[in-house]
Amino acid sequence: MKNILLILVGGTICTALNEKGNLSVNEKAGILLQENYYKSDSPYADKVQIEPTENLYILSENMTIEKWNEIIETYREYVCEKDYDGIIMAHGTDTLAYSAALFSMLLSDTKIPVFMVSANENLKSERSNGNDNFRCAVECICRGIRPNVY
């Protein structure tokens, strides 16, 4: 069984309909990512345990140094507690390139693969690529991709 940590940063991949019917960053997204993966025809769907963090509720366009520090603290808190085979960060697209550059430097000595995934639309949209992006990250970890930031 592979153990994967899912860090829910925010952005479109972490949005779902709220009680008013509007899209908002909320806790349902992490549950939906996992449920959709476990229901998929992935050969690893029954061979992986995905542990989500609390959603950090950051829309990508609102990313700040303080928010990056919050992500780093979440990463350290969870990684120190338990051994993971990989980490997936669900992140918005607007500042993904900046976060990826930062984390590729900060985690240059990582012993496990770290994936940053995003979505072009919310997970319930038929046009969303979020579930496919998440699935690809899980499958790469399960296949033993080498440690790096992707």
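Biologist: Say buried means under 20% relative accessible area, exposed over 50%, and partly exposed in between (1.4 Å probe, protein chains only). Is Y150 buried or partly exposed?

Modeller: Y150 has 32% relative accessibility, so Y150 is partly exposed. This is a predicted model, where local features need pLDDT of at least 70, side-chain atom pairs count only at pLDDT 80 or more, and totals for chains, interfaces and linings use all residues. Residues are numbered from 1 along each chain as its sequence is written, and side-chain values use heavy atoms, without hydrogens and water.

Biologist: OK, rings. How many aromatic pairs are there in the whole structure?

Modeller: Three turn up. Rings of Phe, Tyr and Trp (its six-membered ring) pair if their centres lie within 6.5 Å; planes under 30 degrees apart are stacked, over 60 edge-to-face, the rest tilted. For Y37 and F134 the centres are 6.2 Å apart and the planes stand at 80°, so that pair is edge-to-face.

Biologist: Where do those two sit?

Modeller: Y37 is in helix α1 and F134 in helix α4, 97 residues apart, so the pair links distant parts of the chain. Helices (H or I, at least four residues) and strands (E, at least two) are DSSP runs, numbered from the N terminus. Y37 is buried at 2% relative accessibility, and F134 is buried at 1%.

Biologist: And what does Y150 pair with?

Modeller: F115, in a stacked pair with 4.8 Å between the centres and 20° between the planes. F115 lies in strand β6 and Y150 in the segment after α4, 35 residues away. Unlike partly exposed Y150, F115 is buried, at 9% relative accessibility.

Biologist: Which residues form a ring cluster?

Modeller: Y37, Y38 and F134, linked by ring pairs.

Biologist: New topic. Which members of the largest nonpolar core touch the most others?

Modeller: L6, I13, L33, Y37, I88, F134 and V138, out of 25 residues. A nonpolar core is a set of buried Ala, Val, Leu, Ile, Met, Phe, Trp, Tyr and Cys residues joined through side-chain atoms within 4.5 Å. Elements that each give this core at least two residues include β1 (2-8), α1 (28-39) and β5 (86-90). The largest share, five residues, is from α4.

Biologist: What is in the second core?

Modeller: That one is separate and has 21 residues, among them M63, I71, Y78 and V149.

Biologist: Which residues of α2 are buried?

Modeller: W68, I71, I72, T74, Y75 and Y78. The face of α2 turned away from its buried side carries exposed I65, E66, R76, C80 and E81.
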